[in-house]
Amino acid sequence: MQPKSSTTYSLSKSNHKWTKFKQSNLKVASYFKELGQYAKAQKIKGCSTILKISDDGRFKNSWRCKDPLCPVCNWRKSVRNRIQVHQLLATESQQFPDMTYLFLTLTVKNVVGEDLKSELEIMGAAVSRMFQYKVLKESTMGYIRTTEVTINHGEPVITYHPHMHLLIMANKRYFSKQHNFYQTNDQLSNLWCRALRWQGAEKLVVNIKKIRPNKKGHDALLAAATEVGKYQVKSADYLTNDEKINLQVISDLSKSLKGKRLISFSGEFKKTRRKLKHDHQNDQMDFNTYTTTNNEFSESTAEWDYRLGKYSRTRI
């Protein structure tokens with residue numbers, strides 16, 4: 001066995017994402033420190049400081065903090081979700097080849113930070129209630145639900161816009177005129193308001209569309225997986241040039257997202273996910289994170305260099 005080499009090698013430019021997200025991770029850690037949450041700040045700072053790389057230069061694993069506001073963890077989670085959803089859809093399309101896939105977005109009115117946590121809980125319960133209504137229960141076989149929160153910085157008071165994206169497996173006769181399965185946006189808005197027990201004068205906005213290949217040329221299944229796998233909270237929304245706003249947003253989101261499941265599965269998707277054992281999978285699913293033309297190493301790590309502000313590879 002060869003001794004560990006003290007020589008370090010910078011990661012190639014093709015792997016700049018790791019550096020980019022780690023730099024953002026350190027900014028988030030500094031904000032938590034400023035908020036007086038020292039233990040959380042230290043935990044986030046220690047996330048992915050050392051990356052293990054396989055003998056062919058691909059990422060294997062790293063220790064992660066799993067904080068909902070950690071840019072590194074959110075990126076990795078988005079990659080994993082996209083791959084898993086694509087696997088789910090590929091499996092379902094073989095088992096149920098004639099099914100139709102729909103993409104539904106459900107919205108509510110903007111809320112202030114102190115109301116965000118309860119609003120997310122109300123929305124989650126309302127989605128479950130909505131799909132128990134006869135017209136949806138008979139026409140769908142399951143859904144994947146993701147929650148997204150965007151931030152409105154331009155108002156006198158910072159507000160948040162929580163909304164939910166649902167990838168729905170619908171009956172193959174969903175668009176048939178001989179059945180009453182098809183629901184317009186207006187009809188779905190009525191169902192959503194009813195499930196949400198909405199008392200406002202204005203209807204809430206919903207949007208439904210059939211899954212189709214996207215503009216990048218991806219097939220319909222991959223396009224759907226990409227859509228669902230998006231970030232639930234974008235770090236760009238709380239890492240702005242305004243330090244005061246960043247502190248407030250991070251404080252609000254940290255309280256509201258704690259313990260929240262931002263992606264969930266129902267019906268056939270839930271059954272298939274259990275068979276595929278997705279709960280036990282990790283980042284080793286991501287095949288193309290690391291690439292290298294240097295075959296000199298049999299095994300190595302990449303360690304964050306705080307002085308240089310980037311990762312460096314070390315031979316083991």
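Q: Why is Cys 65 called buried?
A: In this predicted model, Cys 65 has a relative accessible area of 5%. The cut-off for buried is under 20%, so Cys 65 counts as buried.

Q: And what makes Cys 73 buried?
A: Same kind of check: Cys 73 comes out at 2% relative accessibility. Buried means under 20%, so Cys 73 is buried.

Q: How do you know that Cys 65 is not in a disulfide?
A: Look at the closest cysteine sulfur, which sits in Cys 70, 3.7 Å from the sulfur of Cys 65. A disulfide needs the two sulfur atoms within 2.5 Å, so this pair is too far for a bond.

Q: What about Cys 73, and which cysteine has the closest sulfur?
A: For Cys 73 that partner is Cys 47, with 3.7 Å between the sulfurs. Set against the limit of 2.5 Å, the distance is too far for a bond.

Q: How many disulfides does the rule give in the end?
A: The count comes to zero.

Q: What makes Lys 27 partly exposed, rather than buried or exposed?
A: Its relative accessible area is 48%. Buried would be under 20% and exposed over 50%, so Lys 27 falls in between and is called partly exposed. Lys 27 belongs to helix α1. Its C-alpha atom is 9.6 Å from that of Pro 71, though the two residues are 44 apart along the chain.

Q: Why are α1 and α2 called roughly antiparallel?
A: Helix α1 covers residues 16–34 and helix α2 residues 38–45, and they pack at an angle of about 170 degrees with axes 8 Å apart. Angles over 145 count as roughly antiparallel, so the pair gets that name. On the α1 side the contact includes Leu 26, Val 28, Ala 29 and Phe 32, while α2 brings in residues including Tyr 38, Ala 41 and Ile 44. By class, that contact has seven nonpolar, one polar and four charged residues.

Q: What makes α1 oblique to α3?
A: Helix α3 (residues 71–95) packs on α1 at about 135 degrees, the axes being 7 Å apart. Roughly antiparallel would need an angle over 145, and roughly perpendicular runs from 65 to 115. The angle fits neither, so α1 is oblique to α3. Pro 71, Val 72, Trp 75 and Arg 76 make the contact from α3, and they meet α1 residues including Trp 18, Phe 21 and Val 28. The contact divides into six nonpolar, two polar and three charged residues.

Q: How do you know that α4 is roughly parallel to α8?
A: Helix α4 (residues 113–130) and helix α8 (residues 243–257) pack at about 25 degrees, with 8 Å between their axes. Angles under 35 degrees count as roughly parallel, so that is the name for α4 and α8. Gly 113, Leu 116, Lys 117 and Leu 120 make the contact from α4, with Leu 253 and Leu 257 among the α8 residues. Sorted by class, the contact has four nonpolar, two polar and three charged residues.

Q: Which hand does the crossing of α4 and α8 have?
A: The crossing is right-handed.

Q: Stepping back, what does the secondary structure of the protein come to?
A: There are nine helices and 11 strands. Of the 316 residues, 49% are buried. Among contacts between residues at least 6 apart in sequence, 72% join residues at least 24 apart.

Conventions
Residues numbered from 1 in each chain as written. Predicted model: local features only at pLDDT ≥ 70, side-chain atom pairs only at ≥ 80, totals over all residues. Heavy atoms only, no water. Axes fitted to C-alpha atoms, helices over the stretch in contact; angles between N-to-C directions. Helix = DSSP H or I, 4+ residues; strand = E, 2+ residues; numbered from the N terminus. Contact = heavy atoms within 4.5 Å. Nonpolar A, V, L, I, M, F, W, Y, C, P; charged D, E, K, R; others polar. Buried < 20%, exposed > 50% of the residue type's maximum accessible area, 1.4 Å probe, protein only. Left-handed = near helix turned anticlockwise from the far one by under 90°.
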